[in-house]
Amino acid sequence: MRTAKVHRIPTASPDDVSGLAAAIASGAIAPEGILAIFGKTEGNGCVNDFSRGFSVSVLQALLRAHLGAAADDICLVMSGGTEGGMSPHLLVFEVAQTAPGGPSPALAVGRAHTPDLPSEHLGRMGQVRAVAEGVRQAMAAAGIRDAGDVHFVQVKCPLLTAARVREAEARGATTATSDTLKSMGLSRGASALGIALALGEVAEAALSDAAICADYGLWSGRASCSSGIELLGHEIVVLGLSKDWSGPLAIAHGVMADAIDVAPAREAIGTLGVSAGDDTIVLAKAEASRSGLIRGRRHTMLDDSDISSTRHARAFVAGALAGVVGHTDIYVSGGAEHQGPDGGGPVAIIARRIVAEQR
């Protein structure tokens, strides 16, 4: 059977792959088993955050040295912005083959890559449908047959640049926006609704171009979408539970109602029957509430002209969750359009089940 392994590796800079290289050299990680790598890099998380592409480039060079062209199958999802106390790190998702008989169902990991997205489809139903199909493919790859067994879907999606807008216009096409920063939110929002469509959280009849980043009553409780300049298609990683997998690792999720609602994280930890600690993996979304309020109190994240609200939100939510698990190696992605309710967002916990180890 397949068994999932998750390795958390700290990084000293966006181009630091020494920890991963050492783990491969020691045999702690088998490069041929790597399915995906999530990373928190210390850029600004905006259009011009080249720390993401920098990290992807050095990771690809290392992996190609071991795997050749097969390295391009690995999903590399770099999320920029480690504001506040959030610690830059990599999460390496590996699959290994083990003898049947271990604890099951267990953490399952599936991945998919979509074709390059024409710029005129970004932030529109074309992107929604492309992501939905990619999620279904990743679920199939993970052996997850029931959408209810999916607990987190991470999508790395593209954004628009001035050059990409001009290229579309030269073909006689129009883009949803010419504002490159706004395109990040539209891409995240359309991707999130694609996840919601694939998981049955939203009916396709409720969706339209006009609803994207407008009707925030439509959202997914398991979507995490991060846009970047470093790709043109989508890299999709589905995390869930499957009887096709065995092992001690499991995943549970909840939805934070606002930026200080850490109860869902605690409940997910309790569902897994573990205690929070240094080995607890946390994946979450964050955004500043559009109302300008948190539980009736005014916040100024949307009024700061110097720092993007996504940067404030990442730092705020990462700090709140760090207080739950007791460490700062937390993967918090900013910009939660259609990813949970306004001001809140999905949170997932991956942990080693104590109960499973005692069977």
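## A buried histidine and its loop

His-338 is buried, its relative accessible area being just 1%, in a model that is predicted. Under the cut-off used here, a residue is called buried when its relative accessible area is under 20%, so the 1% of His-338 qualifies. The backbone deserves a look as well: phi of His-338 is near 65°, a positive value in a residue other than glycine. As for its place in the chain, His-338 belongs to the loop between β13 (331–334) and β14.

Arg-295 can be viewed alongside it. Its phi is near 50°, again a positive value in a residue that is not glycine. Arg-295 sits in the loop between β11 (293–294) and β12 (297–298).

## Gly-334 and its surroundings

Let's move to strand β13, where Gly-334 is found. Gly-334 is buried, with a relative accessible area of 7%. Which residues does Gly-334 contact, once neighbours within four places in sequence are left aside? They are Arg-188, Cys-225, Lys-285, Ala-286, Thr-310 and Arg-314.

One of these, Lys-285, is 49 residues away from Gly-334 along the chain, yet the C-alpha atoms of the two are separated by 5.9 Å.

## Strand β9 and its partner β14

Strand β9 covers residues 249–256, and 6 of its 8 residues are buried, so the rest of the structure largely encloses this strand. β9 pairs with strand β14 (residues 345–352) in the antiparallel sense, over 8 bridges.

If you would like a landmark for this pairing, look for Ile-251, which stands opposite Ile-350 in β14. In a regular strand, side chains alternate between the two faces of the sheet.

## The sheet β1-β4-β2-β3

Here 4 strands make up an open sheet in the order β1-β4-β2-β3, and the pairing is mixed. The edges are taken by β1 (2–10) and β3 (75–80); each has a single partner strand, so one side of each is left without a neighbour in the sheet. From one strand to the next, the twist averages 15°.

What joins β1 to strand β4 (residues 89–97)? There are 9 bridges between them, and the two strands run antiparallel. Among the paired residues is Lys-5, whose bridge partner in β4 is Glu-94.

## A cis proline after β4

Follow the chain onward and you come to the loop between β4 and β5, which holds Pro-105. The peptide bond from Ser-104 to Pro-105 is cis, with omega near 5°.

## The sheet β5-β8-β6-β7

A second open sheet to explore also has 4 strands, arranged as β5-β8-β6-β7 with mixed pairing. β5 (106–113) and β7 (223–228) stand at its edges, and because each has a single partner strand, one side of each lacks a neighbour in the sheet. Neighbouring strands are turned by 15° against each other on average, direction ignored.

Within this sheet, strand β6 (residues 150–158) and strand β8 (residues 235–242) run antiparallel and are joined by 6 bridges. Val-153 stands opposite Val-238 in β8.

## Helices α3 and α5

Helix α3 (residues 125–142) lies across β5, β6 and β8, and runs at about 135° to β5. How do α3 and helix α5 (residues 180–198) cross? Their axes come within 7 Å and cross at roughly 50°, and the two helices are therefore oblique to each other. The crossing of α3 past α5 is right-handed.

On the α3 side, the contact is made by Gln-127, Val-128, Val-131, Ala-132, Val-135 and Arg-136. From α5 the contributing residues include Leu-186, Ala-190, Leu-193, Gly-194 and Leu-197.

## Ser-51 in helix α2

Finally, take a look at Ser-51, which belongs to helix α2 (residues 51–67). Is Ser-51 buried or exposed? Ser-51 is buried, with a relative accessible area of 11%.

The side chain of Ser-51 makes a polar contact with the side chain of Thr-41 at 2.8 Å, and the Ser-51 side chain also reaches the backbone nitrogen of Gly-43 at 3.3 Å. Not counting residues up to four places away in sequence, Ser-51 touches Pro-14, Thr-41, Glu-42 and Gly-43.

Technical notes:
Residues numbered from 1 in each chain as written. Predicted model: local features only at pLDDT ≥ 70, side-chain atom pairs only at ≥ 80, totals over all residues. Heavy atoms only, no water. Buried < 20%, exposed > 50% of the residue type's maximum accessible area, 1.4 Å probe, protein only. Pairing = 2+ DSSP bridges. Axes fitted to C-alpha atoms, helices over the stretch in contact; angles between N-to-C directions. Contact = heavy atoms within 4.5 Å. Polar contact = N/O pair within 3.5 Å; in protein donor to acceptor, adjacent residues only side chain to side chain. Parallel < 35°, antiparallel > 145°, perpendicular 65-115°, else oblique. Left-handed = near helix turned anticlockwise from the far one by under 90°.
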